[in-house]
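Q: Please take a close look at the part of this model where the two protein chains meet each other and the DNA. I would like one connected account that goes from the surfaces beside the nucleic acid to the elements that lie behind them.

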2 protein chains.
Amino acid sequence: MLKEERQNFIMKQINLHNKVLSSDLCVKLNVSEDTIRRDLHELASNSKIKKVYGGAMSKSFSHTTGIKETYAQEAKRQIAKKALTLINDGMTVLLGGGTTIMEMARLIPRGRRCTFFTVSPVVAMELIEYSDCEVILLGGSLLHDSYIVTGSMVINQLNDIKVDLCFLGTNTISLEDGITDSVWEVVQVKKAMIKSANKTAIVSIAEKLNSEGKMKVCNVNAVDYLITDIDPAEKMLSSYVDVINVL
Amino acid sequence: MLKEERQNFIMKQINLHNKVLSSDLCVKLNVSEDTIRRDLHELASNSKIKKVYGGAMSKSFSHTTGIKETYAQEAKRQIAKKALTLINDGMTVLLGGGTTIMEMARLIPRGRRCTFFTVSPVVAMELIEYSDCEVILLGGSLLHDSYIVTGSMVINQLNDIKVDLCFLGTNTISLEDGITDSVWEVVQVKKAMIKSANKTAIVSIAEKLNSEGKMKVCNVNAVDYLITDIDPAEKMLSSYVDVINVL
DNA sequence: AAATATGATGCAATAAATTGAAAAACCATA
DNA sequence: TATGGTTTTTCAATTTATTGCATCATATTT
């Protein structure tokens with residue numbers, strides 16, 4: 001049997017079943033596992049498939065891989081790095097949605113072992129694809145613009161869990177008005193998220209500081225950390241450091 | 001024998017069997033392997049065939065599955081079109097995961113107003129983006145390989161709902177073994193999905209028919225519709241039409 | 001932490017491709 | 001038919017490709 005035949009067969013299996021095991025293939029094709037592994041390696045390096053431990057899987061699922069530039073990505077990456085210092089192995093972490101949280105999800109180091117709950121399918125997909133953590137996606141009515149789940153379903157599920165740490169992005173934050181948002185459903189979810197967490201961190205680029213939204217999520221001192229892209233010693237943050245842990 | 005005759009013969013063999021071995025040809029044509037190799041080289045440089053180590057293969061057979069396109073996308077689109085005829089305004093529909101279901105989600109006509117439940121974040125994202133329907137994403141532990149939510153959380157949520165119609169993709173299906181799958185968690189979810197639905201439709205490209213998996217979801221006659229890309233009158237489907245509604 | 005399964009790497013055996021040169025076949029013309 | 005030139009085929013030596021095995025590293029499970 002020609003190598004190409006074999007690889008075609010493998011491609012077909014993957015296309016049909018989304019996943020193949022090397023151990024299955026080497027029996028079906030009657031070659032050694034080494035050969036299969038070499039085939040998979042070759043197909044993977046031609047980016048036709050995605051290699052996983054024990055076999056390979058279809059690439060057509062890798063949906064989120066698109067390297068989309070997000071606004072102020074570098075700033076958000078800075079925030080993400082700081083945020084990640086709060087996460088240790090074995091922790092249970094609740095993540096919100098938004099581009100800053102997405103940067104966090106992207107930067108979780110491989111090998112970190114913890115459990116993530118999230119209300120954002122996008123974040124969930126990123127986590128499951130690029131981290132080694134367990135990912136639990138909460139269910140609910142999916143919101144158009146923000147791609148997070150909302151409604152009583154989520155709230156109920158949140159009532160049932162208690163996590164070590166919750167990370168929330170925010171649209172608007174100020175010392176006087178606290179954390180605010182413009183969508184009612186989102187406010188409800190965020191409130192419930194904070195209630196489900198022992199500690200909560202707000203991630204926000206400095207640019208958003210001192211802006212005001214329409215509906216209140218909570219006061220600034222109701223959360224435990226404020227993580228921005230600038231140095232905590234900056235004048236802009238001086239009024240915050242009194243009431244909250246600023247990173 | 002003339003060179004041209006030989007090459008015609010080779011072409012015929014390739015068209016017939018999709019591949020040829022140099023070693024076979026040199027016996028059949030009673031020439032040295034060198035000659036065969038030169039012929040193949042010549043044919044290949046006229047891009048009539050694809051030369052590979054040990055022989056040559058048909059050009060059309062070389063699986064150059066577009067990196068983005070899903071396998072057998074056109075076939076899946078056919079299925080999706082048939083499937084969509086079952087969905088009317090006001091219905092409550094439960095969707096599984098997989099690329100066929102994805103095609104369905106893509107082809108939901110704008111203006112259709114119904115409620116979709118799904119266990120697949122990818123499908124949910126597609127629906128919320130391109131349809132005007134309400135999308136409820138069920139929550140649970142996100143599975144690496146198939147990108148669907150699994151576990152007791154989903155099962156519980158499924159127990160609480162009753163939908164008009166459920167669409168399931170499948171890995172493997174045969175008359176004897178029924179609907180099967182190779183991942184335990186997926187089997188559990190599929191079972192629960194079927195239980196939550198008044199009627200269930202299986203969508204599957206004809207290519208998958210009569211393949212067998214490892215764990216059983218249900219018998220073929222436990223579902224109501226089988227939707228494939230080929231005509232229900234085809235011989236391949238004749239044994240199915242007795243026990244199930246084939247579209 | 002130990003046991004098991006999987007992955008990577010280097011090596012040797014074998015099969016196949018390449019190359020250059022020699023032999024054979026072919027072909028037009030004298 | 002003989003001849004010279006051309007094309008085609010074969011042969012031999014060398015290089016490259018493929019595969020399986022042994023070994024060690026890494027991942028996963030118990």
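A: What follows describes the surfaces beside the DNA, then the sheet behind one of them, then the contact between the chains, and last two helix pairs. The model is a predicted one, and everything below should be read in that light.

The surface near DNA strand D is made up of 13 residues, and those that come closest are A:Ser32, A:Thr35, B:Val31, B:Ser32 and B:Thr35. Helix α3 (33–45) of chain A and helix α3 (33–45) of chain B are the elements that give two or more residues to this surface, with α3(A) giving the most, namely 3 residues. By class, the surface near DNA strand D holds 4 nonpolar, 4 polar and 5 charged residues.

Around DNA strand C there are 14 residues, of which A:Ser22, A:Gly54, B:Ser22, B:Ser23 and B:Gly54 come nearest. Here α2 (22–28) and α3 of chain A, together with α2 (22–28) and α3 of chain B, each supply at least two residues, and the division by class is 2 nonpolar, 8 polar and 4 charged residues. The α3 helices of chains A and B thus contribute at least two residues each to the surface near DNA strand C, as they also do to the surface near DNA strand D.

In chain A, α3 can be followed from the DNA to a sheet. Three strands, in the order β1-β3-β2, form this open sheet of chain A, and their pairing is antiparallel. Its edges are β1 (19–21) and β2 (49–52) of chain A, each of which has a single partner strand, so one side of each is left without a neighbour in the sheet. From one strand to the next the twist averages 25°. Within the sheet, β2(A) is joined by 4 bridges to the antiparallel strand β3 (residues 55–58) of chain A, and A:Lys51 has A:Ala56 in β3(A) as its bridge partner. Two helices pack on the sheet: α1 (residues 3–17) of chain A touches β1, β2 and β3 of chain A and makes an angle of about 130° with the direction of β1(A), while α3(A) touches β2 and β3 of chain A, its direction making about 130° with that of β2(A).

The contact between the protein chains involves 35 residues of chain A and 35 residues of chain B. On the chain A side, at least two residues each come from α1, α6 (121–130), β6 (134–137) and β7 (140–142). Of these, α1(A) gives the most, with 8 residues, and it is also the helix that packs on β1, β2 and β3 of chain A. The side of chain A that touches chain B divides into 16 nonpolar, 12 polar and 7 charged residues.

Strands cross between the chains as well. β7(A) pairs with β6 (residues 134–137) of chain B in the antiparallel sense over 2 bridges, where A:Gly140 has B:Leu137 as its bridge partner. β6(A) and β7 (residues 140–142) of chain B likewise pair in the antiparallel sense over 2 bridges, and there A:Ile136 stands opposite B:Ser141. The second pairing belongs to an open sheet of 9 strands with mixed pairing, in the order β15(A)-β14(A)-β12(A)-β9(A)-β4(A)-β5(A)-β6(A)-β7(B)-β8(B). Its edges are β15 (245–246) of chain A and β8 (149–150) of chain B, and each has a single partner strand, so one side of each lacks a neighbour in the sheet. Helix α6(A) lies across β4 (92–95), β5 (115–118) and β6 of chain A together with β7 of chain B, and runs at about 165° to β6(A).

Two helix pairs complete the account. In chain A, the axes of α4 (residues 73–84) and α5 (residues 99–107) come within 8 Å and cross at roughly 60°, which makes α4(A) oblique to α5(A); the crossing is right-handed. Among the residues that meet there are A:Ile79 and A:Leu84 in α4(A) and A:Met104 and A:Leu107 in α5(A), and the contact divides into 6 nonpolar, 2 polar and 4 charged residues. In chain B, α7 (residues 152–159) and α8 (residues 184–195) pack at an angle of about 5°, with their axes 9 Å apart, which makes α7(B) roughly parallel to α8(B). B:Val154, B:Ile155 and B:Leu158 of α7(B) make this contact with B:Gln188, B:Val189, B:Ala192 and B:Met193 of α8(B), giving 6 nonpolar, 1 polar and no charged residues.

Conventions: Residues numbered from 1 in each chain as written. Chains lettered and ligands numbered in written order. Predicted model: local features only at pLDDT ≥ 70, side-chain atom pairs only at ≥ 80, totals over all residues. Near = placed C-beta within 6 Å. Nonpolar A, V, L, I, M, F, W, Y, C, P; charged D, E, K, R; others polar. Pairing = 2+ DSSP bridges. Axes fitted to C-alpha atoms, helices over the stretch in contact; angles between N-to-C directions. Contact = placed C-beta atoms within 7 Å. Parallel < 35°, antiparallel > 145°, perpendicular 65-115°, else oblique. Left-handed = near helix turned anticlockwise from the far one by under 90°.
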